[in-house]
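Visitor: I'd like a close look at one part of this model, the surroundings of the ligand. Could you walk me through that spot?

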Amino acid sequence: MHIFSKKVDLSNHLKENNLDKSSVGFVPTMGALHAGHLSLLKKSIENNAATIISIFVNPTQFNNPEDLKKYPRTLESDVEKIKTISEKILVYAPTIEDIYEGNTKSEHYNFDGLENQMEGKFRPGHFDGVGTVVKRLFEIVNPTNAYFGEKDFQQLQIVKKLVEKEKLSVTIIGCPIFREKNGLAMSSRNERLSENEKKEASIIFKTLNEAKILFGTKSAKEVAKYVTKSFSNHPIFELEYFEIADEASLLTCKRKNKKKKYRAFIAVFVNKIRLIDTISLN
Ligand code: AMP
């Protein structure tokens, strides 16, 4: 199993093994791997000669220093999990220096307004950090295909926009959300929840499913009202936002248009731990 902490070593390995001339699949992550991440790796292996996973907790995409500090870092057990999929997967786990070269700052991006909705509103600077790190990682790895989860649907749309605007030669592939048995979307942040909080957090996906049914007959505004009320009855949750938006523009649905595809998006705090989820509505 090859684990690289320096981009130069990864590049040399790719060149020496002629992997730079074959199809390379890339799965960028922040580690604390779970079955959701592993599903992305499996998809990459099926469709590429080589697969690279990056494990890097990117400081520039955190707007909350406490969240950055407490983000789980579990490289050893991550590597064990990757091995269960394939020993051939290349792991790139760089230092901050290797990515930022002494200047740990974001570039500023215009993603045609995608960056101003939802996560962008509540996490100022977040998508500049995401754009910056994803572009650098793409330059280092030079992937043919890159795999991103629909769990972070806004991020997926933003990465597609980044590729379009910067004319990068990589295909972005969106992958379905992996969930716990109780419906809770798998997330590295779930590691910070107590067993009881994990159990209670099933309300997030349950409410999204209810919202989906309601959206068949009610307006987006009425559905949002219902969701807000559902969370106000649960003292351990603090709803940050619930939004029904057009999948392409991510603009809030004001009046339903049959030609558009809509999606519900939610962010909820459980004991200061921020969880997000999303569901397709039509
Ligand atoms: P992260 O480590 O949270 O930055 O996630 C790395 C990649 O895994 C991103 O593309 C995420 O959207 C994706 N991902 C995270 N959680 C899940 C999940 N539950 N199901 C599918 N993909 C996921």
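Visitor: Which of the 17 residues around the ligand come nearest?

Guide: Keep in mind that this is a predicted model. The residues that come nearest to the ligand are M30, G149, D152, F178 and M186, out of 17 around it. Two of these also show up with short polar distances to ligand oxygen. For D152, a polar side-chain atom sits 2.6 Å from an oxygen atom of the ligand. With M30 the backbone does the job: one of its N or O atoms lies 2.9 Å from an oxygen atom of the ligand. H37 joins in through its side chain, where a polar atom is 2.9 Å from a ligand oxygen atom. As for burial, the ligand on its own has 490 Å² of accessible area, and the protein covers 93% of that.

Now, where does the shell come from? Three elements each supply at least two of its residues: β2 (24-29), α2 (35-47) and β5 (145-149). Among the contributors, α2 has the largest share, with three residues. G149, one of the nearest residues, falls within the range of β5, and H37, with its side-chain contact to ligand oxygen, falls within that of α2. If you're thinking about chemistry, sort the shell by class: nine residues are nonpolar, six are polar and two are charged. So much for the make-up of the shell; in short, M30, G149, D152, F178 and M186 are the ones to zoom in on if you want the nearest neighbours of the ligand.

Notes:
Residues numbered from 1 in each chain as written. Predicted model: local features only at pLDDT ≥ 70, side-chain atom pairs only at ≥ 80, totals over all residues. Heavy atoms only, no water. Near = heavy atom within 4 Å. Polar contact = N/O pair within 3.5 Å; in protein donor to acceptor, adjacent residues only side chain to side chain. Areas by Shrake-Rupley, 256 points an atom, 1.4 Å probe, with all protein chains shown as cover. Helix = DSSP H or I, 4+ residues; strand = E, 2+ residues; numbered from the N terminus. Nonpolar A, V, L, I, M, F, W, Y, C, P; charged D, E, K, R; others polar.
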